[in-house]
Amino acid sequence: MRAAAIVPAAGRGERLGPGEPKALRELAGQPLLAHAVRALSEARSVDVIVVAAPEGEEARVATLLHTVVGDTELHVVTGGKTRQRSVALALRVIPDDVDVVLVHDAARPLVPEEVIDSVTSAVRAGADAVVPAVPVTDTVKQVDTAGRVEATVDRSQLRTAQTPQGFARIVLESAHRDAAEQGLEDATDDAGLVEHFGRPVIVIPGSEDGFKVTRPLDLVLAEAVLARRRSAGVN
Ligand code: CTP
Ligand code: MG
């Protein structure tokens, strides 16, 4: 059986500021989406990639990625109004012989191959749902609406969730089906849906490089990481 990676890429990128849809914004001369898809296609464990593209950009995305994916099977679908909907639409075209599905944000262009393959391995080893995550480094305050501190949260138990998140196909499909039936549509990650329906989710180590490009400064950081990799002869 094969493994597929869904890449939700249909967001606008409002927090990044005005411009193209975020997945098509450039990092070192190539769209964020191309970086993310290249990483997935180079990972040994990924056989099929399904991209949920911004509406109206499907053909451009297919052309752009054609040269990036090598011999990895590529499908492009039209994304939806929310990330959750984009993933659900992509799930519909996953081939029958796929039993493991990863979901990876187009906005995480620098994810290392090792993280991708570790997530797939953990699902193959029997986990229903797997999330790569890193420890929270800032001190976190819980505040009330007036801005008064109610608590300083114990950081040692907190993790920042990254992608790709990996799932047994049937687990991800049933979580999305149940969510749609209950009218849930705004989940910001897929493991959150699985957790909501009471299935176990495990965490494995993520990577510093797995950060999401959300605000303008994140693009500056991503450029710096790429420059460092290039001068070290990686990529
Ligand atoms: N995404 C998607 N469909 C949507 C919304 C988001 O496929 N309707 C994707 C984005 O393209 C991104 C990933 O989900 O790769 C993570 O979302 P986020 O970082 O929030 O991206 P945007 O929604 O584009 O950014 P913003 O929230 O700042 O508008
Ligand atoms: Mg968003």
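**Notebook: helix 1, the cores and Asp218**

I began with helix 1 in this predicted model, and found Leu32, Leu33, Ala34, His35, Ala36, Val37, Ala39, Leu40 and Ser41 buried there. That makes 9 of the 11 residues of helix 1 buried, so the helix is largely enclosed by the rest of the structure.

Next I looked up the nonpolar cores. The largest one has 32 residues. Val7, Leu33, Val37, Val46, Ile49, Val51 and Ile116 have the most contacts inside this core. I then checked which elements feed it: strand 1 (2-8), helix 1 (32-42), strand 4 (48-53), helix 2 (58-66), strand 6 (98-103) and helix 4 (113-124) each give at least two residues. A second core, separate from that one, holds 24 residues, among them Ala4, Ala90, Leu193 and Val194. A handy reminder to myself: nonpolar side chains tend to be buried together in soluble globular proteins.

I picked Val7 for a closer look. Setting aside neighbours within four places in sequence, I see Val7 in contact with Leu33, Val37 and Leu40. The list for Val7 also includes Ile49, Val50, Val51 and Ala52, along with His104, Asp105 and Ala106.

My last stop was Asp218, in helix 7 (residues 216-231). What is the nearest side chain of opposite charge to Asp218? I found Arg215, 4.5 Å away. A salt bridge needs a distance within 4 Å, and Asp218 has none, although it is buried. I did find a polar atom of the Asp218 side chain 2.9 Å from the backbone nitrogen of Thr214. Not counting residues up to four places away in sequence, Asp218 touches Phe211, Lys212 and Val213.

Methods: Residues are numbered from 1 along each chain as its sequence is written. Chains are lettered from A and ligands numbered from 1 in the order in which they are written. This is a predicted model: local features need pLDDT of at least 70, side-chain atom pairs count only at pLDDT 80 or more; totals for chains, interfaces and linings use all residues. Side-chain values use heavy atoms; hydrogens and water are left out. Helices (H or I, at least four residues) and strands (E, at least two) are DSSP runs, numbered from the N terminus. Buried means under 20% relative accessible area, exposed over 50%, partly exposed in between (1.4 Å probe, protein chains only). Lys and Arg count as positive and Asp and Glu as negative; His and the chain ends are not counted. A polar contact is a pair of N or O atoms within 3.5 Å; within protein, one must be able to donate a hydrogen and the other to accept it, and residues adjacent in sequence count only if both atoms are side-chain atoms. Contact means heavy atoms within 4.5 Å. A nonpolar core is a set of buried Ala, Val, Leu, Ile, Met, Phe, Trp, Tyr and Cys residues joined through side-chain atoms within 4.5 Å.
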